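Student: I'd like to see how the labels on a model get justified. Could we go through a few?

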Amino acid sequence: MGKKKKLAKTLVEQILDKANISYESVSFATHTEGDVKQMDTNESAEDRHNIYKTLALLGNKTGPVIGVVPLDEHLSYKKLAKISGNKKVGMVPLKDLLKTTGYEHGANSPIAIYETKHYPIYMDEIAEKQGEIIVSAGKIGRSVRVNAKDVKKLVHATFGDLIE
(Lines give C-alpha, C1' and ligand atoms only; values in the text may rest on other atoms or scores of the structure.)
Protein backbone atom coordinates (compact mmCIF):
# COMPACT_ATOMS: atom_id res chain seq x y z
CA MET A 1 0.00 0.00 0.00
CA GLY A 2 1.34 3.43 -0.99
CA LYS A 3 1.78 6.29 1.39
CA LYS A 4 -0.98 8.86 1.55
CA LYS A 5 0.16 12.15 0.06
CA LYS A 6 0.10 14.76 2.81
CA LEU A 7 -0.71 18.34 1.87
CA ALA A 8 1.75 21.00 3.00
CA LYS A 9 0.32 23.23 5.70
CA THR A 10 -0.97 26.60 4.57
CA LEU A 11 0.12 29.83 6.25
CA VAL A 12 -3.24 29.88 8.06
CA GLU A 13 -2.67 26.37 9.46
CA GLN A 14 0.86 27.36 10.53
CA ILE A 15 -0.49 30.48 12.28
CA LEU A 16 -3.15 28.43 14.09
CA ASP A 17 -0.54 25.84 15.14
CA LYS A 18 1.76 28.56 16.49
CA ALA A 19 -1.13 30.11 18.45
CA ASN A 20 -2.13 26.67 19.82
CA ILE A 21 -5.62 27.01 18.34
CA SER A 22 -7.29 23.74 17.42
CA TYR A 23 -8.73 23.42 13.92
CA GLU A 24 -9.74 20.84 11.37
CA SER A 25 -8.49 21.06 7.78
CA VAL A 26 -11.27 20.93 5.17
CA SER A 27 -10.83 20.51 1.41
CA PHE A 28 -13.32 21.39 -1.32
CA ALA A 29 -13.29 20.41 -4.97
CA THR A 30 -12.89 23.43 -7.26
CA HIS A 31 -13.76 24.20 -10.86
CA THR A 32 -12.96 27.19 -13.03
CA GLU A 33 -15.69 29.51 -14.23
CA GLY A 34 -14.31 32.15 -16.58
CA ASP A 35 -11.00 33.03 -15.00
CA VAL A 36 -12.21 32.57 -11.42
CA LYS A 37 -12.08 29.26 -9.55
CA GLN A 38 -15.32 28.36 -7.77
CA MET A 39 -15.69 25.96 -4.83
CA ASP A 40 -17.97 22.99 -5.33
CA THR A 41 -19.01 22.45 -1.73
CA ASN A 42 -21.91 20.00 -2.20
CA GLU A 43 -23.02 21.04 1.25
CA SER A 44 -26.53 21.30 2.65
CA ALA A 45 -28.01 24.76 3.33
CA GLU A 46 -27.22 24.30 7.02
CA ASP A 47 -23.58 23.44 6.26
CA ARG A 48 -23.26 26.38 3.85
CA HIS A 49 -24.31 28.68 6.68
CA ASN A 50 -21.23 27.53 8.65
CA ILE A 51 -18.88 28.34 5.76
CA TYR A 52 -17.78 31.97 5.87
CA LYS A 53 -16.60 34.16 3.01
CA THR A 54 -13.95 36.80 3.55
CA LEU A 55 -14.68 40.03 1.68
CA ALA A 56 -12.17 42.84 1.16
CA LEU A 57 -13.61 46.34 1.04
CA LEU A 58 -12.28 49.88 1.03
CA GLY A 59 -13.59 52.41 3.52
CA ASN A 60 -13.59 56.09 2.58
CA LYS A 61 -11.82 56.95 5.88
CA THR A 62 -9.96 53.81 6.98
CA GLY A 63 -8.87 52.20 3.72
CA PRO A 64 -9.08 48.39 3.57
CA VAL A 65 -11.51 46.61 5.91
CA ILE A 66 -12.38 42.91 5.94
CA GLY A 67 -15.92 41.60 6.35
CA VAL A 68 -16.53 37.95 7.24
CA VAL A 69 -20.08 36.64 6.71
CA PRO A 70 -21.78 33.28 6.07
CA LEU A 71 -21.54 32.07 2.48
CA ASP A 72 -25.32 32.09 2.11
CA GLU A 73 -25.74 35.70 3.32
CA HIS A 74 -25.12 39.16 1.84
CA LEU A 75 -22.86 41.71 3.50
CA SER A 76 -24.53 45.04 4.29
CA TYR A 77 -22.21 47.82 3.14
CA LYS A 78 -24.06 50.31 5.37
CA LYS A 79 -23.65 48.18 8.49
CA LEU A 80 -19.97 47.49 7.80
CA ALA A 81 -19.34 51.19 7.11
CA LYS A 82 -20.96 52.16 10.41
CA ILE A 83 -19.16 49.56 12.56
CA SER A 84 -15.79 50.35 10.91
CA GLY A 85 -16.05 54.12 11.33
CA ASN A 86 -16.54 54.88 7.63
CA LYS A 87 -19.23 56.87 5.88
CA LYS A 88 -19.25 54.31 3.07
CA VAL A 89 -17.43 51.17 1.96
CA GLY A 90 -17.14 49.39 -1.37
CA MET A 91 -15.68 46.13 -2.59
CA VAL A 92 -12.02 46.12 -3.63
CA PRO A 93 -12.06 45.71 -7.44
CA LEU A 94 -11.16 42.15 -8.46
CA LYS A 95 -8.16 43.42 -10.43
CA ASP A 96 -6.78 44.99 -7.21
CA LEU A 97 -7.62 42.14 -4.82
CA LEU A 98 -4.27 40.31 -4.97
CA LYS A 99 -2.36 43.58 -4.56
CA THR A 100 -4.58 44.66 -1.62
CA THR A 101 -4.86 41.42 0.39
CA GLY A 102 -2.08 39.24 -0.98
CA TYR A 103 -4.64 36.57 -1.94
CA GLU A 104 -6.60 35.75 -5.06
CA HIS A 105 -10.40 35.61 -5.22
CA GLY A 106 -11.56 32.52 -3.30
CA ALA A 107 -8.45 32.26 -1.14
CA ASN A 108 -8.85 35.28 1.16
CA SER A 109 -8.72 34.37 4.82
CA PRO A 110 -9.26 36.70 7.79
CA ILE A 111 -6.41 34.92 9.59
CA ALA A 112 -3.87 35.26 6.76
CA ILE A 113 -4.89 38.84 5.90
CA TYR A 114 -4.56 39.95 9.50
CA GLU A 115 -1.19 38.22 9.87
CA THR A 116 0.25 39.81 6.72
CA LYS A 117 -1.61 43.15 6.43
CA HIS A 118 -3.12 43.90 9.87
CA TYR A 119 -6.35 45.18 8.28
CA PRO A 120 -9.30 45.52 10.66
CA ILE A 121 -11.50 42.40 10.62
CA TYR A 122 -15.27 42.47 11.19
CA MET A 123 -17.15 39.20 11.64
CA ASP A 124 -20.91 38.80 11.62
CA GLU A 125 -22.21 38.20 15.13
CA ILE A 126 -23.89 34.96 14.10
CA ALA A 127 -20.41 33.37 14.00
CA GLU A 128 -20.08 33.94 17.75
CA LYS A 129 -23.38 32.12 18.32
CA GLN A 130 -22.50 29.25 15.96
CA GLY A 131 -19.19 28.50 17.65
CA GLU A 132 -17.38 26.55 14.95
CA ILE A 133 -17.13 28.11 11.51
CA ILE A 134 -15.25 27.30 8.32
CA VAL A 135 -12.97 29.96 6.81
CA SER A 136 -10.48 29.83 3.97
CA ALA A 137 -7.04 28.48 4.75
CA GLY A 138 -5.50 30.89 2.24
CA LYS A 139 -5.57 28.55 -0.77
CA ILE A 140 -8.42 27.85 -3.15
CA GLY A 141 -10.13 24.62 -2.12
CA ARG A 142 -8.55 24.61 1.35
CA SER A 143 -10.34 25.75 4.50
CA VAL A 144 -10.21 25.29 8.25
CA ARG A 145 -13.01 24.57 10.72
CA VAL A 146 -12.19 26.65 13.77
CA ASN A 147 -13.89 28.25 16.78
CA ALA A 148 -15.10 31.76 15.87
CA LYS A 149 -14.10 33.19 19.26
CA ASP A 150 -10.55 31.88 18.76
CA VAL A 151 -10.42 33.61 15.36
CA LYS A 152 -11.80 36.83 16.88
CA LYS A 153 -9.11 36.83 19.55
CA LEU A 154 -6.31 35.92 17.11
CA VAL A 155 -7.12 38.64 14.55
CA HIS A 156 -8.54 41.22 17.00
CA ALA A 157 -11.85 41.06 15.12
CA THR A 158 -15.04 42.84 16.03
CA PHE A 159 -18.31 40.89 16.08
CA GLY A 160 -21.31 42.83 14.81
CA ASP A 161 -24.47 42.75 12.72
CA LEU A 162 -23.10 42.78 9.16
CA ILE A 163 -25.73 41.01 7.05
CA GLU A 164 -28.62 42.46 5.08
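Tutor: Sure, here are some labels with the reasoning behind them, bearing in mind that this is a predicted model.

Student: Why is Ser 27 called exposed?

Tutor: Exposed takes over 50% relative accessible area. Ser 27 has 52%, so the label applies. That residue sits in strand β1 (residues 23-27).

Student: What makes Leu 7, Gly 141 and Arg 142 contacts of Ser 27?

Tutor: A contact needs heavy atoms within 4.5 Å. Ser 27 touches those three, leaving aside residues up to four places away in sequence.

Student: How do you know that the buried residues of α4 line one face of the helix?

Tutor: Asp 96, Leu 97, Thr 100 and Thr 101 are the buried ones in α4 (residues 94-101). Looking down the axis of α4, they fall within an arc of 125°, so they line one face. Lys 95, Leu 98 and Lys 99, on the other side, are exposed.

Student: What do the buried residues of α4 pack against?

Tutor: They pack against β4 (52-59), β5 (63-70) and α5 (110-117).

Student: Why are β6 and β10 called edge strands?

Tutor: The open sheet runs β6-β4-β5-β7-β10, with mixed pairing. β6 (89-91) and β10 (158-160) each pair on one side only, and that's what earns them the name.

Student: And what makes β7 and β10 a pair?

Tutor: Pairing needs at least two bridges. β7 (residues 121-124) and β10 have three, in the parallel sense, so they qualify. Met 123, for one, has Phe 159 in β10 as its bridge partner.

Note on methods:
Residues are numbered from 1 along each chain as its sequence is written. This is a predicted model: local features need pLDDT of at least 70, side-chain atom pairs count only at pLDDT 80 or more; totals for chains, interfaces and linings use all residues. Side-chain values use heavy atoms; hydrogens and water are left out. Buried means under 20% relative accessible area, exposed over 50%, partly exposed in between (1.4 Å probe, protein chains only). Helices (H or I, at least four residues) and strands (E, at least two) are DSSP runs, numbered from the N terminus. The arc is that of the directions from the helix axis to the C-beta atoms.
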